[in-house]
Amino acid sequence: MTTKEVLIEVKELEKHFKVGKGRVLRAIDGLTFSIYKGETLGLVGESGCGKSTVGRTMFQLYSPTRGQILFENENLHAKMSKTNAKKYRKKMQMIFQDPYSSLNPRLTVEEIIAEGLLIHQPDMTKEQRRKQVTDLLEQVGLNRKHADRYPHEFSGGQRQRIGIARALSVNPDFIVADEPIAALDVSIQAQIVNLLKQLQEEKGLTYLFIAHDLSMVKHISDRIAVMYLGKMVELSDSENLYDKPLHPYTEALLSAIPLPDPNLERQRKRIILKGDVPSPTDIPAGCRFYSRCPKAMDICARKEPSWIEVEEKHYVACHLYE
Ligand code: SF4
């Protein structure tokens, strides 16, 4: 539930990587947005658009090249005291895409979940830690019997539940979920999304939910941001984005979602985009989507569109709306 109190503010964020021979990969190229307490912001775009880099920079795995990330008004990447750095590290956690490789295969489930507790609550007794691990396992739909087993003994969905329990162990306020369902069977994806929603309601969590398509994001997100080649191209309430997409790239992503009704599915007109995404080491002038846009105009090749609010809280960067 959204309380409209800002938890995180991202201001003019840039993250560039040097990739040799003087070339620079512009993974994030100027992003400004906020995430409100208790909401889920979905961040969607094709592979290579920079969305995972956004999550990793917010989680402090990368330092920004330029710009700021403010968490409760504190600049996360400014030099802070060790105590403050630890405090903010505890407030945010990350759930990774691949539940197969993100869990240490040599540790039992109990050891994996207890790692955060050992760091952040070193005074806990062994019994208290055991009890806490059992509670966390139950909260994610597993049980005490699972604590002594190793990750390879679990299915993909169960491993993702273990990853969620690990993230919850330090009682965070904010979770970056980086494509948490992309590696799972479709039948399991809804279960994990429902679990994340339920935990959000119970604990008042705030999520950045990263995904490469728009199919599942609607079910969890309050608002959705669409990214293309390091920039945000559209941001809106979830319902509005699905009902009235503005940007031609969002329209193409939406047209790719299969419809459950077979009659509607037969009539669905998929927008096939021509060409490939340009390289983030060689970003074109004008609108970044120009080479693939079915609605491109002359101006689009010359001038980068501005970020404008077309209707209340519905933002887009496209010359069609200027
Ligand atoms: Fe297409 Fe032009 Fe809009 Fe870019 S600015 S999305 S090229 S219409």
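The following paragraphs describe the sheets, helices, salt bridges and empty spaces of a predicted model.

One open sheet contains eight strands, in the order β6-β7-β8-β3-β9-β10-β12-β11, and its pairing is mixed. The edges are formed by β6 (92–95) and β11 (307–311), each of which pairs on one side only. From one strand to the next, the twist averages 20 degrees. At one of these edges, β11 runs antiparallel to β12 (residues 314–317), and four bridges join the two strands. Trp-307 has Ala-317 in β12 as its bridge partner, while Ile-308 stands opposite Val-316 in β12. The two strands form a hairpin with two residues between them. In the turn, Lys-313 has a positive phi of about 60 degrees.

Two helices that pack on the eight-stranded sheet may be described next. Helix α1 (residues 51–58) touches β3 (40–44), β6, β7 (174–178), β8 (206–211) and β9 (223–228). The direction of α1 makes about 150 degrees with that of β8. Helix α6 also packs on this sheet, where it touches β3, β6 and β8. The direction of α6 makes about 160 degrees with that of β8.

A further open sheet has four strands in the order β2-β1-β4-β5, and its pairing is antiparallel. Strands β2 and β5 (74–75) stand at the edges of this sheet with a single partner strand each, so one side of each has no neighbour in the sheet. Strand β1 (residues 6–18) is joined to β2 by 10 bridges, and the two strands run antiparallel. Within this pairing, Phe-17 has Leu-25 in β2 as its bridge partner. In a regular strand, side chains alternate between the two faces of the sheet. Helix α1 lies across β1, β2 and β4 (66–71) and runs at about 65 degrees to β2. Helix α1 therefore has contacts in both sheets, since contact means heavy atoms within 4.5 Å and α1 also touches strands of the eight-stranded sheet, including β3 and β8.

A search of the whole structure finds 22 salt bridges. In one of them, the side chains of Glu-39 and Arg-223 meet at 2.6 Å, N to O. This pair links distant parts of the chain, as the two residues are 184 residues apart. Glu-39 belongs to the loop between β2 (24–36) and β3, whereas Arg-223 is in strand β9.

Empty space in the model was examined last. Rolling a probe the size of a water molecule over the atoms shows where such space is left. The largest pocket has a volume of about 320 Å³. Its lining consists of 18 residues, and those nearest the centre of the pocket are Asp-213, Leu-253, Ala-256, Ile-257 and Arg-270. By class, the lining of the largest pocket comprises 12 nonpolar, three polar and three charged residues. Helices α6 (186–203) and α8 (248–255) each supply at least two residues of this lining. Helix α8 gives the most, with three residues.

The same kind of search over the whole structure finds one cavity of 30 Å³ or more. The largest cavity has a volume of about 80 Å³. Among the residues lining this cavity are His-247, Pro-248, Phe-289, Lys-295, Met-297 and Leu-320. The lining also includes Cys-287, Cys-293, Cys-300 and Cys-318. Divided by class, the lining of the largest cavity has nine nonpolar residues, two polar and one charged.

Technical notes
Residues numbered from 1 in each chain as written. Predicted model: local features only at pLDDT ≥ 70, side-chain atom pairs only at ≥ 80, totals over all residues. Heavy atoms only, no water. 1 Å grid on protein atoms, 1.4 Å probe; cavity = no way out; pocket = protein on both sides within 12 Å on 5 of 7 lines; lining within 4 Å. Points joined across faces, edges and corners; volume = space filled by probe spheres on them. Nonpolar A, V, L, I, M, F, W, Y, C, P; charged D, E, K, R; others polar. Pairing = 2+ DSSP bridges. Axes fitted to C-alpha atoms, helices over the stretch in contact; angles between N-to-C directions. Salt bridge = Lys/Arg side-chain N within 4 Å of Asp/Glu carboxyl O.
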